[in-house]
Amino acid sequence: MAYGRSAGVLNADGIHVDMQALKAGEVDLGTTIMAVTFKDGVILGADSRTTTGPVIANRVTDKLTMIDDNIWCCRSGSAADTQAVADIVKRHLDQHAVHHGERATTGQAASILAEICYANKDMLSAGLLVAGWHPRYGGEVYQVPLGGSLHKEPWAISGSGSTYIRALCYRNWRENMEEKEAIQYVKESVREAIRNDGSSGGVIRLAVLTARGVERWLFTPDDDYSKPTDDKPQKM
Amino acid sequence: MTSIGTGYDLLNSIFSPDGRNFQVEYAVKAVENGGTSIGIRAKDGVVLAVEKIIGSKLLKPGANKRIATVDEHAGVVYSGMVPDGRHFVDRARDEAQSWRQTLKTPIPTSELASRMGSYLQAYTMYGSVRPFGITAIVGGVDGSGDEVIDGVVGSGPSTGAGGKVDGKHGGPFLYVIEPSGQYWGYYGAATGKGRQAAKAELEKLDLAAGNITLEQAVKEAAKIIYNAHKDNKDKDFELEMSWISGVDGPTGGRHMEVPQELKEEAERLARAEDESDDEEDEKKDEKMEE
Amino acid sequence: MDHRPQAWGRPRDDVYGAYDHSFMNTNSHPNQHTQQPLVTGTSVLAVKYKDGVVIAADNLGSYGSFARFTDVKRLHTFQDTSVVGFSGDISDMQYITRHLHQKSIEESYASSSANKKSRLSAANLHTYLSKMLYRRRSKMDPLWNHMLVVGFDDDEKPFVGSADLLGTTFTAPTLATGIGSMLAQPLLRTYAGTDEEAAERTKEEAIKVIQECMKVLFYRDARSQETYSLAVVSREGVEMKTSEKLENMSWAFADRIKGYGTQTV
């Protein structure tokens, strides 16, 4: 605990006010997010629940955030922190593209993001996944956990719901999946997390990043997540 | 020198009525008096070479290097005023470092050239400064998609990233930056005193076809410098050469001095060519007598 | 009703008394950045032998007790002459390795010749890193690592040095960080207790004792993993292997263990 700051005031009536506990009402992305590589690129997936303590603040949240044309991220932790970080990185990447006439690579985007998380680790509560497709580097997945370290992985999951599905994801994972299989893999994994985690729920959103650009899919509880809401993905 | 006495050449920030910046043109003169430097963009790497004029026998052989490393994958050689060149190199290193700090990757050679071009250009606009008395040749090999982010841990799928698009990515690049701040990309570049002869030789290599290998380029570079030195024979010189290959080549993607053995071999070939040229000249002379 | 932003979301003054504004005044407390390590690496081991040093660390990045990242290489080569092994926070490790990378680029400015030896010996590097760690701990913002620096000293003798987050340093013929300093160090001392003894050991003996210790650590360190990296630093350079696996483990005796006391079936 931070020295001298967490204690608050002990009043004459003996009631102790814990300032940290008051802060805990902050909007939290108790979440299930994942990003996986496959044969032609990457897929990002997320549930849609945002909570304030036990209350669902938003039941159709979009946790998949575009930070560049073909680089997206999934956010977990404090909604405010992760949105701020994503916005800053997006600004960097936009400027990079204008300045150099070339889009940044997924690794460079993840580096900028990790640097922000690392330099401000004492103030942020942000766990992010960065996934992107780049003509030269193909599909890549990077994870930036709480301390701001940078990890490159074939697939990554994060958020409170991810703990319930880790073994499932390990078991079902195969390298170089076909697109259809990979979509199924992500969707089914998030579905199990929603089943088990109180802080995850709502719809399942996917984003597929390949040479074709980005395609978004939406699965809802209306038909038990069995079919996408559209036969064709939503092209962006 | 039509400019002399007109007053338009006294300050950087003043154009002459016919639209010239004489200070920049004088800077070019400083370059034209410097030892010849060349750069060759071969199909699998870049070679930089310089004719280092040895002004005194008291100087230690091999000391006072003229080719500088800017980042792992990039190097610079220049002709003209050496202290100006040193400052150019300092700045180039700072640019490379700042790129690395934000993006955790090596700076692309084109970006390095662009930044240095802008830097030199700024020295042509103010009365309080003079332009750089150098023309610099910047060489580098950019990654082709297999390089990793600095400091990252872990890796992608063992089969490699999916969805890569085939085609040429990265590879060797060569740029020349002039005192005006103008810069172009080249296959072969020469500057300094012997540039005309060197350029003529470089053109013969047909570098754009992409047939010359790095090792051949090293040998050609030595020949060209030796040849260019012919018009400057009264002065001693040392040949200095560096090279950069791709990651799978002899330097592992790094800018470094050409190894002693290869350099000696290249110099031996260059000298042999030199002598045979002289013999031919003598024979021609004999014919004339007949 | 109090409309000042300072009062937003805070208990009512008439119920709880006035808010203690010293909380908002950052000058009234010591500056504190210091977090805690999050993603961490466990022990690093190193031993000298007659021609160099052997160093090893597993490839695990733990998140508390959770084995979160299984492919974290914690041995880093510096200029093909030294190796630094990191335990502790992985994000700080990345910060330091990037810093070292930049250092080695700066070293190459002076000479870019392929066959010229690095000016910075492992002993120099050890001193440098320890100053870096001490400076950060003095700013109350430590780099949360304990590392071993191995290679050669300025007299070309094998070198093994330790530097921790407080800036504490020491050298010894064999060293271990973290739980390894309790479990492996006693075993390593039986291999070589003094520099004289280490100078009699071969590379094969050194590798063998490291492998044995990695096995003991895997048996008894709850934050360890089966795959590890092992590097041999000799005068010829660094021989780095990053996907070693523990061999000849002993588990079959579990067959003889029945119950927890008197039970026999």
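# A tour of chain B and its neighbours

Begin with chain A of this predicted model, where residues 24 or more positions apart account for 57% of the contacts with a separation of 6 or more. With chain A coloured by secondary structure, five helices and 16 strands can be picked out, and of its 236 residues 58% count as buried.

**Chain B against chain A**

Next, show chain B beside chain A and select the residues that touch: 25 residues of chain B are in contact with 26 residues of chain A. The area buried between these two chains comes to about 2100 Å², and carbon and sulfur atoms give 56% of that area. Twelve residue pairs are in polar contact across this interface, counting pairs with both residues at pLDDT 80 or more. On the side of chain B that touches chain A, the elements that give two or more residues are helix 2 (82-103) and strand 6 (153-154) of chain B, and helix 2 of chain B gives the most, with three residues. By residue class, that side of chain B divides into eight nonpolar, 13 polar and four charged residues.

Now zoom in on Lys104(B) and Glu115(A), whose side chains meet in a salt bridge at 2.7 Å, N to O; one salt bridge is what the rule finds across the interface of chain B and chain A. From there, move to strand 12 (residues 151-153) of chain A, which runs parallel to strand 6 of chain B and is joined to it by two bridges. Selecting His151(A) should bring Val153(B), in strand 6 of chain B, into view opposite it.

**Chain B against chain C**

Hide chain A and bring up chain C, where 17 residues of chain B are in contact with 17 residues of chain C. About 1500 Å² is buried between chain B and chain C, with carbon and sulfur atoms giving 52%. Within chain B, select Arg93(B), Val153(B) and Glu257(B), which lose the most area to chain C and together make up 30% of what that side buries. Across this interface the rule finds zero salt bridges, while six residue pairs, both members at pLDDT 80 or more, are in polar contact. Strand 3 (68-71), helix 2, strand 6 and strand 11 (255-257) of chain B each supply at least two residues of the side that touches chain C, and the residues of that side divide into four nonpolar, six polar and seven charged.

**Inside chain B: helix 1**

With chain B alone on the screen, select helix 1 (residues 22-32), whose buried residues are Phe22(B), Gln23(B), Val24(B), Ala27(B) and Val31(B). These buried residues pack against strand 4 (74-80), strand 5 (134-142) and strand 9 (188-191) of chain B. At the N-terminal end of helix 1 of chain B, Asn21(B) acts as the cap, with a side-chain oxygen lying 3.1 Å from the backbone nitrogen of Gln23(B).

**Inside chain B: strand 10**

Finally, select strand 10 (residues 236-245) of chain B, which is largely enclosed by the rest of the structure because eight of its ten residues are buried. Strand 2 (residues 45-54) of chain B pairs with strand 10 of chain B in the antiparallel sense over ten bridges, and along this pairing Ile53(B) has Phe237(B) as its bridge partner in strand 10. Strand 11 of chain B also runs antiparallel to strand 10 of chain B, with three bridges joining them, and here the bridge partner of Trp243(B) is Met256(B) in strand 11.

How values were computed:
Residues are numbered from 1 along each chain as its sequence is written. Chains are lettered from A and ligands numbered from 1 in the order in which they are written. This is a predicted model: local features need pLDDT of at least 70, side-chain atom pairs count only at pLDDT 80 or more; totals for chains, interfaces and linings use all residues. Side-chain values use heavy atoms; hydrogens and water are left out. Contact means heavy atoms within 4.5 Å. Buried area is the accessible area (1.4 Å probe) that two parts lose on being put together, summed over both. A salt bridge is a side-chain nitrogen of Lys or Arg within 4 Å of a carboxyl oxygen of Asp or Glu. A polar contact is a pair of N or O atoms within 3.5 Å; within protein, one must be able to donate a hydrogen and the other to accept it, and residues adjacent in sequence count only if both atoms are side-chain atoms. Helices (H or I, at least four residues) and strands (E, at least two) are DSSP runs, numbered from the N terminus. Ala, Val, Leu, Ile, Met, Phe, Trp, Tyr, Cys and Pro count as nonpolar, Asp, Glu, Lys and Arg as charged, and the others, Gly among them, as polar. Two strands pair if DSSP finds at least two bridges between them. Buried means under 20% relative accessible area, exposed over 50%, partly exposed in between (1.4 Å probe, protein chains only).
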